[in-house]
Amino acid sequence: MEIEFFGAAREVTGSCHIVRTGGKTILLDCGLFQGKRKESEKKNLTLPVPVGEIDAIVLSHAHMDHAGRLPYLTSKGYDGSIWCTAATHDLAAIMLADSAHIQEMDAKYLSERNREAVQPLYNGEDAREAVEKMVGVPYNRTFEVLPGVTALYTDAGHILGSASVELEVREGGSSKRLVFSGDVGRWGLAIIRDPQPPRRADAVIMESTYGNRDHESVDGARDKLAQAVTETAARGGRLLIPAFSVGRTQEIVYGLHVLALAGRIPKIPIYIDSPLATDATAIFEAHPEVYDRSEDLVSTTNDLFRFDLVRYTRDVEESKKLNTMHGPMVIIAASGMAEGGRILHHLRHGASDPRNTILVVGFMAEHTLGRRIVDRAETLKIFGEEVPLRANVEIINGYSAHADRTELQRWLDAVKGTSPSLERVFLVHGEPEAQDALAGQLESHGYRASCPTPGTKVQL
Ligand SMILES: [Zn+2]
Ligand SMILES: [Zn+2]
């Protein structure tokens with residue numbers, strides 16, 4: 001088997017790895033490149049291989065940096081299956097529709113601004129076609145991807161439906177097992193189960209987003225959340241939380257629910273200002289089979305995401321009204337890296353008020369507005385306007401849904417524990433600094449670790 005590294009190679013976004021065996025080609029993920037507009041636009045238009053050559057796609061989870069280019073493939077004529085878990089199928093349906101909507105709006109905006117026709121990467125119809133090709137399969141059950149190639153999903157513990165993939169390829173008389181970590185989650189995260197490392201691997205493709213640091217503990221994150229709500233409320237300010245609509249938003253709402261029940265936060269309104277988050281919450285509620293039953297709140301209530309302080313706002317008018325309201329409140333809105341979405345309106349309105357707090361609860365990639373907030377830039381450019389950043393900026397790393405370097409090591413050591421032949425580890429999905437640090441750490445633990453660049457081919 002041959003692996004060719006294409007996306008998320010020496011960077012975080014655009015997850016896509018090409019596996020070739022016996023004249024067949026399988027893609028592991030096909031995600032969007034995000035970051036600098038011009039650069040990512042070009043990358044997003046570049047197919048990993050001609051569409052006619054792709055025989056199957058195995059998807060790790062529904063995040064757009066993993067699934068976001070699937071509609072582009074179907075728009076170009078991809079007609080094979082897209083394997084995924086059942087929850088990933090449902091989440092991808094709303095997330096790809098949303099992504100298509102964003103592509104279409106962006107194209108419209110650019111067409112008007114540049115006075116020339118700009119085509120979206122794909123449209124809503126392409127997204128629907130991609131979802132139709134998705135085949136949901138349960139965790140821990142072997143399925144046939146193609147003749148001679150089987151796969152098994154284990155829970156990656158990262159977001160609802162997220163999976164690591166154990167791919168078994170039979171060539172001639174022997175077989176080889178390639179494990180793809182997908183995005184590895186963390187032990188002890190709210191709602192979802194702990195990561196379940198695959199058991200058999202000859203080689204591993206592993207993510208490395210946080211390969212050079214450790215996070216705060218999950219409990220520490222909840223304490224900080226309580227503190228941010230309490231302090232901002234005491235100043236009469238707003239707590240603005242840019243958050244991915246899927247996963248992070250539900251996790252924060254769940255955390256606020258636990259804190260509210262314990263009387264640890266003041267009773268101020270909490271607005272979830274995102275139609276996508278509202279839809280995603282319904283999908284969480286439809287998949288209790290993947291919940292972590294050992295958690296108190298999960299075991300005591302069916303309404304994890306609904307309690308008296310929470311309001312879900314769907315239409316634009318309701319959203320706009322939030323800006324004219326007074327008094328302390330919490331607003332959770334997308335996008336997670338503050339690159340688009342309703343959070344931009346709230347930031348334009350609230351970033352210059354020192355009573356407010358912008359709470360960063362997720363990874364902010366380079367060249368995003370979110371990263372400028374983390375870096376506490378003097379001004380933020382929002383809708384072409386320079387807005388002074390005078391609000392407090394608080395950062396909670398403990399909310400990461402990605403394993404840190406210790407957890408990645410733990411995950412990999414567990415795979416190794418049941419895979420005596422495992423030696424080679426290919427690091428993907430990380431910025432170079434994080435990758436190089438993790439590669440060094442793994443080498444010192446006896447692994448052969450490398451950080452392939454795009455186009456690197458490896459024979460197994
Ligand atoms: Zn992810
Ligand atoms: Zn990812």
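**Figure 1. Two zinc ions share Asp-183 in this predicted model.** Let's start with the metal pair: the zinc ion (ligand 1) and the zinc ion (ligand 2) are 3.4 Å apart, with Asp-183 coordinating both. The site of ligand 1 brings together distant parts of the chain, with His-61 in the loop between β4 (56-58) and α2 (64-67) and His-158 in the loop between β8 (149-155) and β9 (163-171), 97 residues apart. Both His-61 and His-158 are buried. The bridging residue, Asp-183, counts as buried too, because its relative accessibility is 1%.

**Figure 2. A closer look at the zinc ion (ligand 1) and its protein donors.** Here you can pick out His-61 (NE2), His-63 (ND1), His-158 (NE2) and Asp-183 (OD), lying 2.1 to 2.3 Å from the zinc ion (ligand 1). Read along the chain, these donors follow the spacing H-x1-H-x94-H-x24-D. How regular or irregular is the site of the zinc ion (ligand 1)? It is irregular, with angles of 93 to 163 degrees among the four donor atoms.

**Figure 3. The zinc ion (ligand 2) and its protein donors.** Around this ion are Asp-65 (OD), His-66 (NE2), Asp-183 (OD) and His-429 (NE2), at 2.1 to 2.2 Å from it. The angles subtended by the four donor atoms run from 87 to 165 degrees, so the arrangement is irregular. The donor residues are spaced D-H-x116-D-x245-H in sequence. Asp-183 lies in the loop between β10 (174-180) and β11, and His-429 in the loop between β20 (424-428) and α14 (432-444), so this pair ties together parts that are 246 residues apart in sequence. His-429 has a relative accessibility of 2% and therefore counts as buried.

**Figure 4. Ser-208 and its contacts, His-429 among them.** Ser-208 belongs to the loop between β11 and α6. Is this serine buried or exposed? Ser-208 counts as buried because its relative accessibility is 0%. Leaving aside neighbours within four places in sequence, Ser-208 is in contact with Leu-408, Leu-427, Val-428, His-429, Gly-430, Ala-434, Gln-435 and Leu-438. One of these, His-429, is also a donor to the zinc ion (ligand 2).

**Figure 5. An aromatic cluster of Trp-83, Phe-143 and Tyr-153.** A search of the whole structure finds six aromatic pairs. One of them is the tilted pair of Phe-143 and Tyr-153, at 5.3 Å centre to centre and with 40 degrees between the planes. Phe-143 lies in strand β7 (residues 143-146) and Tyr-153 in strand β8, so their pairing ties together parts that are 10 residues apart in sequence. Both Phe-143 and Tyr-153 are buried. Ring pairs link these two residues with Trp-83.

**Figure 6. Tyr-210 and Phe-363 meet edge-to-face.** The ring centres are 5.6 Å apart, and the planes make an angle of 85 degrees. Tyr-210 lies in the loop between β11 (203-207) and α6 (218-234), and Phe-363 in the loop between β16 (357-360) and α12 (369-374), so the two tie together parts that are 153 residues apart in sequence. Tyr-210 is buried, with a relative accessible area of 5%. Phe-363, at 18% relative accessibility, counts as buried as well.

**Figure 7. Arginines over aromatic rings.** The charged end of Arg-306 sits over the ring of Tyr-312, 5.3 Å from the ring centre. Arg-410 lies over the face of Trp-187, and here the distance to the ring centre is 4.0 Å.

**Figure 8. Helix α8 and its packing partners.** This helix covers residues 275-286, 12 residues in total, and reaches 17 Å from its first C-alpha to its last, close to the expected 16 Å. Which residues of α8 are buried? They are Leu-276, Ala-277, Thr-278, Ala-280, Thr-281, Ile-283 and Phe-284. The buried residues of α8 pack against α4 (86-114), α7 (248-261), β13 (270-273) and β14 (310-313).

**Figure 9. Backbone details at Ser-335, Arg-10 and His-367.** A cis peptide bond joins Ala-334 and Ser-335, with omega at about 5 degrees. Ser-335 is in the loop between β15 (329-333) and α11 (343-350). Arg-10, in the loop between β1 (2-7) and β2 (16-21), has a positive phi near 65 degrees. Phi of His-367 is also positive, near 65 degrees, and this residue lies in the loop between β16 and α12. Arg-10 is partly exposed, with a relative accessible area of 24%, and His-367 is partly exposed at 48%.

How values were computed: Residues numbered from 1 in each chain as written. Chains lettered and ligands numbered in written order. Predicted model: local features only at pLDDT ≥ 70, side-chain atom pairs only at ≥ 80, totals over all residues. Heavy atoms only, no water. Donors = N, O, S within 2.8 Å, 3.2 Å for Na, K, Ca; no water. Tetrahedral: all angles 85-135°; square planar, octahedral: opposite > 155°, others 65-115°. Helix = DSSP H or I, 4+ residues; strand = E, 2+ residues; numbered from the N terminus. Buried < 20%, exposed > 50% of the residue type's maximum accessible area, 1.4 Å probe, protein only. Phe/Tyr/Trp six-rings, centres within 6.5 Å; stacked < 30°, edge-to-face > 60°. Lys NZ or Arg CZ within 6 Å of the ring centre and 35° of its normal. Expected span 1.5 Å × (residues − 1). Contact = heavy atoms within 4.5 Å.
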